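Please examine the sequence and the model shown below. The paragraphs that follow serve as a guide to it.

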Amino acid sequence: ALTAGGTGGSGSKDSKDAIPQLQLDTARKIRSLLPRHRDLLPYAQERNWIPLLLSWLNLHDRPAVQVEALLALTNIAELCAAQQGGFQQSAAIQP
């Protein structure tokens, strides 16, 4: 019989096995969405994506999750820098 995890056997093992894949999928999705949808940056900040991604850098047994989290954080940093640069330029234009 299939359990909630979808593979049969112990439901808790299936759930535990699914967490690393869910983390990896989530980090990849965040990494890919932010450059295309810059308007998500405030949402990412409000929803505490940054602390979550930072915590995933400590998952030493999941290097793929670490890499994706690092790349997502890099995208967030680039967006913040670009946004800050835009604010500085608009402030410099003001008389």
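Beyond its neighbours within four places in sequence, Gln-45 is in contact with Ile-50 and Cys-80. In this predicted model, Gln-45 belongs to helix 2. Its relative accessible area is 40%, so Gln-45 is classed as partly exposed, since that class lies between the limits of 20% and 50%. A further spatial relation links Gln-45 to Ile-76: the two residues stand 31 residues apart along the chain, and their C-alpha atoms are separated by 9.4 Å.

Ile-76 leads on to the nonpolar core. The largest such core comprises 16 residues, and those touching the most other members are Ile-30, Leu-34, Leu-53, Trp-56, Val-65 and Ile-76. At least two residues of this core come from each of helix 1 (11-36), helix 2 (41-46), helix 3 (49-56) and helix 4 (63-93). The greatest contribution is that of helix 4, which supplies six residues. For Ile-30, the contacts that remain once neighbours within four places in sequence are left aside are Trp-49, Leu-53 and Ala-72.

Trp-49 also takes part in an aromatic pair, of which the structure holds one. Its partner is Tyr-43, and the arrangement is edge-to-face, with 5.4 Å from centre to centre and 80° between the planes. The angle leads to this description because planes over 60 degrees apart count as edge-to-face. The two partners may also be described by their accessibility. Trp-49 has a relative accessibility of 17% and therefore counts as buried, whereas Tyr-43, at 37%, counts as partly exposed.

Methods:
Residues are numbered from 1 along each chain as its sequence is written. This is a predicted model: local features need pLDDT of at least 70, side-chain atom pairs count only at pLDDT 80 or more; totals for chains, interfaces and linings use all residues. Side-chain values use heavy atoms; hydrogens and water are left out. A nonpolar core is a set of buried Ala, Val, Leu, Ile, Met, Phe, Trp, Tyr and Cys residues joined through side-chain atoms within 4.5 Å. Buried means under 20% relative accessible area, exposed over 50%, partly exposed in between (1.4 Å probe, protein chains only). Helices (H or I, at least four residues) and strands (E, at least two) are DSSP runs, numbered from the N terminus. Contact means heavy atoms within 4.5 Å. Rings of Phe, Tyr and Trp (its six-membered ring) pair if their centres lie within 6.5 Å; planes under 30 degrees apart count as stacked, over 60 as edge-to-face and the rest as tilted.
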